[in-house]
Amino acid sequence: MSGVLSSAGGVDALLRLRRVEEFLFHEARLIDERRFEDWRDLYTEDGIYWVPSEPDQDNPADRLSIFYENRALMDVRIRQLRHGAFWAQIPPVRTRHVIGNVVLEEGGGDAELRTRSSFVMLEHRDDHRRVFGGEARHRLRPDGDGFRIAWKRVDLVDCEGTHGFMSVPF
Amino acid sequence: MTVFDRTEIESLVEPDRVHRRVYTDPEIFALEMERIFGRAWILVGHDSQIPQPGDWIRTSIGLRDVVMIRGADGAIRVLHNRCPHRGMTVCVPRAGGGRRLVCPYHGWAFDTAGKLLGVPQPGGYDEGFDPGEARRSMAAVARVESCRGFVFASLAAEGPTLAEFLGEISDTLDNFCDRAPEGEVEMVGAPLRQTFEGNWKLHMENSVDTVHPGFVHRSSVEAAQGFIAATGAAETADQSIQMFNANGFTLNEWDSTAIHGYDGGHVFMDGFYRGGIIDPDRRDPVFEDYKARMAAAYGEERMKRIFGRETFNNLVYPNLSFNTRFQQLRVIRPVSVDRTDVHSYVFRLRGAPEEMFHTAVKFVSTANSPASPVLADDLAVFEQLQQGLNSEGVEWIDLSRRSGREEPFGNRGARDRATSELPMRTMMGAWRRYMAAA
Ligand code: FES
Ligand SMILES: [Fe+2]
């Protein structure tokens, strides 16, 4: 079995993994607490948030996506989430993420950390309960003490399934 | 199942109003599956989904699970996805291919036309067992016809041909394909699949309801406007943001476009998008390249006529909606009286620059993703609409807006300003005719 404890970096690698985990927990908490503007500001200026509609989708330009948003589209979505007449959010959803199985991947060099993690997101709205889950991949750029998200891809386990309307990011 | 008499059905639809049971009564829904979805021509797919002999996809006609398959002879057939032995679903994945279909339950094998090739251990049957007998084959759907690669099927052995059924709305299906320099479109990838807790007709009516965007889509319109005001991005705004913004038409602006209905229940509305990448007359290198290829393929005159046929949503009754400008097609799939799935597809214009396809992908994702800022509001409204209709407190739905003000259009159609409820009256007129025919 391989992992941080068996890797050459030892304690340093463990600390780095822990910093990444804390960042991912923080990101999820911002969504759950509906601090959407703060969530958006975790992204780099050219950051991308992507939720494909097919499991092995490799190009957002030639396949349909559930979300494919740059900062501009995130901004419009957040303005809508703050709007008083957003019917899909009356009443608003309440969500809670659980994040786990965080691993750092090879590649990306020092400029970019690549991570994979699993998540479950519980959602409640107007007597409807849903569970979303899947794998998230992040490309993180070190920024001061923390990171910024250059790219995030969320592969829902049921990405090609049939979905009711949704409006907050995973 | 309740036997409805003709007068009872007819009494549910008056010229300007409809009884709420049409949207809420499970027995009416069952009758719709028999009399509308069991008789009309229903889109089952596109021939580009099954390019090779033996390729098949699972699809549906109303609640019937069917398989669209390309035979070894190249012909497209539609088979009931039901084994003639003991009823098993023969094709289980969403798509597949090969020389034979083998039933997972006891291994009966069929050729690509559905004919039984053989059964395991045939000695178990008497000598009279004839695999060639029709009742041993997978049953074929009564009629299959296609129009420009769009494959339609009808469960009814008799009735109008596809061309008669489509009537003049086939112009817009032609226009969908004529916009490709090679005259053909290709369905690409899997559809987006949405679902809502509401009747299927709500979605059809809403896609040609021009009064709702100013109310239902106010949040996405104002979010887009807020973004544009804050960043000064109007000209360069993202294609999706331009689309959100375009829903901000005033009712007077909507009324400068027209809406059309045909006797068969089919409806189309004129195009209305202006500005930026969604402008039909835009000037950018990709669009110039596309126009050059179109002119080469068709000549200037014909190209002008093709682009001049500018429509937005086009509805083929009962459950098909497509957009010729952005290669979008939606199939509205009734599940139960208060549950509907919608599958949204995108197409590539064969022979056009690939960037045209990317624009279409973006359009279809923006307008059809379950996470779309536009669609989420529509779906949320459909669910509350269905709740409202469940109330016995008021029995009738009013469809009288601009009633009687339409003018004749084409051979068997009418047209009016886009804010008219003409489309809803047109579709309910067709509903009444299908449902009252024993
Ligand atoms: S049900 Fe298909 S082989 Fe028996
Ligand atoms: Fe809408």
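I looked first at where the two domains of chain B meet, and found four residues of domain 1 of chain B in contact with five residues of domain 2 of chain B, counting two residues as in contact if their C-beta atoms, placed from the backbone, lie within 7 Å. The model is predicted, so I note that local features need pLDDT of at least 70, that side-chain atom pairs count only at pLDDT 80 or more, and that totals for chains, interfaces and linings use all residues. Residues are numbered from 1 along each chain as its sequence is written, while chains are lettered from A and ligands numbered from 1 in the order in which they are written.

I then checked the bounds, which run 42-158 for domain 1 and 188-436 for domain 2 of chain B and come from an automatic or database domain assignment. The C-alpha centres of domain 1 and domain 2 of chain B are 34 Å apart.

Next I turned to chain B as a whole, where I listed 15 helices and 22 strands, these being DSSP runs numbered from the N terminus (helices H or I, at least four residues; strands E, at least two). Along the principal axes, the C-alpha atoms of chain B fill a box of roughly 80 × 55 × 40 Å. Of the 438 residues in chain B, I found 45% buried, a residue being buried if 20 or more other C-beta atoms, placed from the backbone, lie within 10 Å of its own.

Last, I looked up the contact between the chains, which takes 30 residues from chain A and 38 residues from chain B. H3(A) gives the most to the side of chain A that touches chain B, with seven residues.

Conventions. Buried ≥ 20, exposed ≤ 12 C-beta atoms within 10 Å, placed from the backbone.
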